[in-house]
Amino acid sequence: MKKTIIALTAATIMTPALVLADQNHRTTLTYAGPVEIVTVSELLQDTGLLTERDAIVEGRLIKQINADTYLFSDATGEIQVEVDDHVQLPQAINASTRLRLFGEYEGGRTPEIEVDHIQVL
């Protein structure tokens, strides 16, 4: 009986540590195939207040507006982007770094893309 109690206690104590350790070893999928890219000018054609759509854009972050908001530019125009707190990059970027942003476009008075993921090109 004593061995069973010790085993159950050890399992209870170790479970959270094992779950956290497993999260650090997960790999992310890196897809290199075709992706449907939209341009900033195509997005800005619909600035309706209720407009929301998934968007993937390629270009550069050319200016930081505040802690999590940037001005994004592609060859067709500029738009504000808000980068979610969980987005992290393995390297520093600057205004000349070419990026692919994955997020949700929202129309309205100040159209913007809420960025969920950034890929350095």
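## Hairpin of S1 and S2

Strands S1 (residues 52–64) and S2 (residues 69–74) form a hairpin with four residues between them, strands being DSSP runs of E with at least two residues, numbered from the N terminus. The two run antiparallel and are joined by four bridges, where pairing requires that DSSP finds at least two bridges between the strands; arginine 60 stands opposite serine 73 in S2.

This is a predicted model, in which local features need pLDDT of at least 70 and side-chain atom pairs count only at pLDDT 80 or more, while totals for chains, interfaces and linings use all residues. Residues are numbered from 1 along each chain as its sequence is written, and side-chain values use heavy atoms, with hydrogens and water left out.

## Closed barrel

A closed barrel of five strands follows the order S1-S2-S3-S5-S4, with mixed pairing. S1 pairs with S4 (residues 99–106) in the antiparallel sense over eight bridges, and the S4 partner of glycine 59 is leucine 99. S4 also pairs with S5 (residues 112–120), again antiparallel and over eight bridges, with phenylalanine 102 opposite histidine 117 in S5.

## Second largest pocket

The second largest pocket (on a 1 Å grid over the protein atoms alone, an open set of points where a 1.4 Å probe fits, with protein on both sides within 12 Å along at least five of seven lines) holds about 220 Å³ of space, a volume being the space filled by probe spheres set on the points. Its lining, formed by residues with an atom within 4 Å of a point, comprises 16 residues, of which Leu61, Tyr70, Leu89, Ile93 and Ile118 lie nearest the centre. Strand S1 supplies the largest share of this lining, three residues.
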